[in-house]
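Here's a friendly tour for anyone opening this structure for the first time. Have the view ready and follow along.

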Amino acid sequence: MGVAGPPGGPALAARALQASCWHEGFHYDFCCPGRDPACFDAEFTYERCCGPGRPPRLNLSEVPVLDLPSPQLLRRGELRGATVDLVVRTYWKAAEMVQLLLRSVEFYWPLDSGRVLVILDDSPKDAATCELLPSWATCILDPRPEVYGAFSNFTRALTTSLPGMLRKEMALLEADTYSSADYIAVLDADVVFVACGGPEILFAREPQGVVPMQYGRASGGPFRSVVKVMGLRWVAEFMDSFPQVFHRRHFEACRHFLIDRFAPGGARDRAAFHAAFLRLQREVGEVSGGAEFPSFHTVLGAYTYEFHQPEYAWAIQYGWLTGVPWRHTCPGLRIVSHVSYSSRTYVPHPVHELVEVENPATERWQMRLGPKGHWRLSDGADGTGSAGDLGSVRYTAIALDLMLSGVCAVAWRGAGGGEALKAEACGGAPNMSRLVLMNGYMRTWWGHHSPHCAGRRPELLLQEYGALLAARSFVL
């Protein structure tokens with residue numbers, strides 16, 4: 001499917017058309033000289049992707065400056081009483097992660113903005129996990145769907161149970177059935193809030209009014225076949241930042257779209273949606289050779305971009321690669337970090353200027369709790385600590401340091417000398433200014449990515465946010 005080029009000259013239009021060819025890890029220099037068959041298919045042919053030659057150099061100075069005046073950050077009153085429910089869908093083995101997440105919620109999230117919903121499986125251990133959670137969190141046991149037994153367990157994408165993951169992804173598309181809020185903000189279990197400003201910092205002021213921010217990146221992603229099977233145009237990977245905020249009504253609308261495409265002809269009920277999701281999962285597995293499955297973030301993100309684009313503000317990093325409107329290529333600030341990927345770093349892309357890709361040197365050991373984490377358990381039985389044990393401890397330590405970032409960015413006051421206690425507590429806290437410009441996978445949105453963004457340039461957003469923090473303090 002062709003992608004319309006953005007304004008800014010023929011060179012940028014040519015880049016947008018050609019960049020739509022490549023999955024992450026593939027590029028012109030890798031694929032074209034040797035005609036590597038792994039790079040091409042019936043739609044993305046050698047002639048289309050390589051025929052125009054190597055992509056021209058990028059020059060963002062060609063892009064007109066947008067009409068995005070300061071200030072850009074909203075105040076709470078601009079939401080006009082709209083409610084936002086936080087939702088995390090997981091299961092009992094992630095109990096430690098959930099407790100750390102909820103501790104950060106208590107630090108930074110205003111509990112009067114909506115409910116905090118923790119949706120778990122329905123086993124006895126999940127029920128026991130509910131008893132561990134604070135009283136202000138609503139814990140829901142989600143009944144096991146009949147379709148669960150039909151889910152495939154073949155995937156090259158995970159080291160965990162695919163049916164369990166599919167149950168979670170499908171359940172998130174039904175999160176609206178447990179919520180009455182205007183908006184639903186979806187979190188993964190392995191994240192923590194790192195700064196204040198929610199919920200208003202998750203919204204933007206657009207010509208059509210105040211709308212939720214949606215983040216993505218156009219440099220590739222793990223779920224491109226999902227979008228293709230849905231019959232939609234891939235412009236970005238929307239499994240990018242947390243929380244991912246949607247209008248509540250769009251959950252049901254997306255389910256109806258999936259039913260009409262994959263299970264048409266009957267009632268648009270829960271059974272029909274589950275049948276549609278099962279077919280989507282199977283077709284995605286076939287098309288991708290088992291490398292992909294339907295990710296909630298990708299499914300609902302791609303759906304809303306295609307059918308409800310004006311109802312959101314879009315912040316698509318490297319959006320020039322797929323030709324999205326320039327207004328959709330400007331950043332916002334994020335207040336949640338992905339603990340499991342906190343050690344991830346990036347290096348320059350081998351072809352695309354300004355684009356960064358994961359650094360292989362920091363991909364080996366990612367912090368994660370539990371036996372399915374990236375830290376391998378040792379085989380020894382002598383009672384010594386294993387790498388798996390260390391991974392759990394490191395996850396907790398990093399989560400706590402990330403949580404301290406926002407608190408350590410404001411003044412401390414109270415009896416006993418607030419600043420002295422702050423110095424003691426904040427020695428290991430990461431730099432909050434860096435964190436709020438990073439996506440959910442620690443990828444920074446640099447100033448040189450957005451000279452055209454006027455008041456939404458990173459440095460100006462940080463100035464606004466700094467003024468907000470200057471008016472706050474942590475009271476001991």
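What follows covers the cores, two histidines, a small sheet and the cavities.

## Ground rules

This is a predicted model, where local features need pLDDT of at least 70, side-chain atom pairs count only at pLDDT 80 or more, and totals for chains, interfaces and linings use all residues. Residues are numbered from 1 along each chain as its sequence is written, and side-chain values use heavy atoms, with hydrogens and water left out.

## The cores

A nonpolar core here is a set of buried Ala, Val, Leu, Ile, Met, Phe, Trp, Tyr and Cys residues joined through side-chain atoms within 4.5 Å. Buried means under 20% relative accessible area (exposed is over 50%, partly exposed in between; 1.4 Å probe, protein chains only). The largest such core has 126 residues, and Leu173, Phe193, Met230, Leu258 and Tyr465 have the most contacts inside it. There's also a second, separate core of nine residues, with Cys21, Cys31, Cys39 and Phe40 among them.

Take Met230: beyond its neighbours within four places in sequence, its contacts (heavy atoms within 4.5 Å) include Phe257, Leu258 and Tyr303.

## Two buried histidines

His297 sits in helix 10, residues 296-307. Helices (H or I, at least four residues) and strands (E, at least two) are DSSP runs, numbered from the N terminus. His297 counts as buried because its relative accessibility is 2%. Its C-alpha atom is 5.0 Å from that of Met239, although the two residues are 58 apart along the chain. Leaving aside residues within four places in sequence, His297 also touches others, including Val186, Asp188 and Phe242.

His328 is in the loop between strand 9 (313-317) and strand 10 (336-338). With 10% relative accessibility, His328 counts as buried too. Not counting residues up to four places away in sequence, it touches Tyr305, Gln309, Trp314, Ala315 and Ile316.

## A three-stranded sheet

Strands pair if DSSP finds at least two bridges between them. One open sheet runs in the order 6-7-9, with mixed pairing. Its edges are strand 6 (203-206) and strand 9, each pairing on one side only. Strand 6 pairs with strand 7 (residues 209-217) in the antiparallel sense, over four bridges. Glu206 has Gly209, in strand 7, as its bridge partner.

## Empty spaces

A cavity is a set of points, on a 1 Å grid over the protein atoms alone, where a 1.4 Å probe fits but cannot get out; lining residues have an atom within 4 Å of a point. Grid points are joined across faces, edges and corners, and a volume is the space filled by probe spheres set on the points.

The whole structure has eight cavities of 30 Å³ or more. The largest has a volume of about 90 Å³. It is lined by 13 residues, and Gln72, Leu73, Phe203, Met213 and Gly332 are the closest to its centre. Strand 6 and strand 7 are the elements giving two or more residues to that lining.

Conventions: 1 Å grid on protein atoms, 1.4 Å probe; cavity = no way out; pocket = protein on both sides within 12 Å on 5 of 7 lines; lining within 4 Å.
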